[in-house]
Amino acid sequence: MPRLARLGTFGALAAAAFALAACEQTPPPSPDDRGFIPGGDYALVGMDGATVPLRNMTLTIAEGTVSGRGPCNGYGARNNAELPLVQLSPLQKTNVPCGKNTTIENRFFEVMQTATEMEYYGGVLKVKSPLTWLIFERGVTGAQAQVTAVDQARAGQ
């Protein structure tokens, strides 16, 4: 019985410690906090439940805006919601002919335009749309930029 009484005392002390910890003030949000979505550069690695053939579509998240590149065209838009929610203004895009990449680029822009929220976990950014998910990895490497340039050169072929 004394052992049971000790466990009861230990349980009461643990509960008191948790209650006090809950009263601790939380620090104010950082100006870099974008709804737990880190700003910066991302490369598309998945769309429509499959991997993309090349890592040549990008997304850059900045304060109140998104921008980036498809295989052929650049884009940008204002986010009219507070991240992690997304409500993009109409995408402003360049108008370069895209050749064989037209279908995938149009699909990418369509999904971006209809995006409703973002989720970031384990270095992976998911952009959710009623149509599908876009999956991005953080950063854009030099190799990715080279692939983009080569792919752009081939786009009209």
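Visitor: What percentage of the 157 residues of the protein count as buried?
Guide: Keep in mind that this is a predicted model. A residue is called buried when its relative accessible area is under 20%. Of the protein's 157 residues, the share that counts as buried is 32%.

Visitor: Which stretch of residues has a pLDDT under 50?
Guide: Averaged over the protein, pLDDT is 80, and 66% of the residues score at least 70. Where pLDDT is low, the predicted coordinates should not be read in detail. One stretch calls for that care, with pLDDT staying under 50 and 7 contacts beyond four places in sequence: residues 17–34.

Visitor: How many helices and strands does the protein have?
Guide: You can follow the elements from the N terminus on, where they run α-β-β-β-β-β-β-α-β-β-β-α. Counting them by kind gives 3 helices and 9 strands.

Visitor: Which element gives the most residues to the largest nonpolar core?
Guide: Nonpolar side chains tend to be buried together in soluble globular proteins. Here the largest nonpolar core has 25 residues, and Leu59, Phe108, Met112, Met118 and Phe136 have the most contacts inside it. Elements giving two or more residues to this core include β1 (40–47), β3 (58–62) and β9 (133–138). With 4 residues, the element that gives the most is α2.

Visitor: Which residues does phenylalanine 108 touch, leaving out those up to four places away in sequence?
Guide: Phe108 is among the residues with the most contacts inside the largest nonpolar core. Setting aside residues up to four places away in sequence, phenylalanine 108 touches Leu44, Met47, Met57, Thr58, Arg69, Tyr75, Leu134 and Phe136.

Visitor: In β3, what is the bridge partner of aspartate 41?
Guide: Strands β1 and β3 run antiparallel and are joined by 4 bridges. Look for aspartate 41, then find its bridge partner in β3: threonine 60.

Visitor: Which residue takes a positive phi in the hairpin of β3 and β4?
Guide: β3 and strand β4 (residues 65–69) run antiparallel, with 3 bridges between them. One of the pairs to look for is isoleucine 61 with valine 66 in β4. The hairpin has 2 residues between the strands, and the residue with a positive phi, near 75°, is glycine 64.

Visitor: How far apart in sequence are arginine 107 and aspartate 48?
Guide: The side chains of these two residues meet in a salt bridge, 2.8 Å from N to O. Arginine 107 belongs to helix α2, while aspartate 48 sits in the loop between β1 and β2 (50–51), so the pair links distant parts of the chain, and both residues are partly exposed, with relative accessible areas of 23% and 40%. Along the sequence, their separation is 59 residues.

Visitor: Where do glutamate 110 and arginine 107 both lie?
Guide: Glutamate 110 forms a salt bridge with arginine 107, and their closest N and O atoms are 3.2 Å apart. The two are 3 residues apart, about one turn of the helix, and both lie in helix α2.

Visitor: Which residues do salt bridges that share partners join into one network?
Guide: The count comes to 3 salt bridges. In one of them, glutamate 117 pairs with lysine 128, with the closest N and O atoms 3.9 Å apart. That pair links strand β7 (residues 117–121) with strand β8. The network joined through shared partners is made up of Asp48, Arg107 and Glu110.

Technical notes: Residues numbered from 1 in each chain as written. Heavy atoms only, no water. Core = buried A, V, L, I, M, F, W, Y, C linked by side-chain atoms within 4.5 Å. Buried < 20%, exposed > 50% of the residue type's maximum accessible area, 1.4 Å probe, protein only. Contact = heavy atoms within 4.5 Å. pLDDT = per-residue confidence, 0-100. Pairing = 2+ DSSP bridges. Salt bridge = Lys/Arg side-chain N within 4 Å of Asp/Glu carboxyl O.
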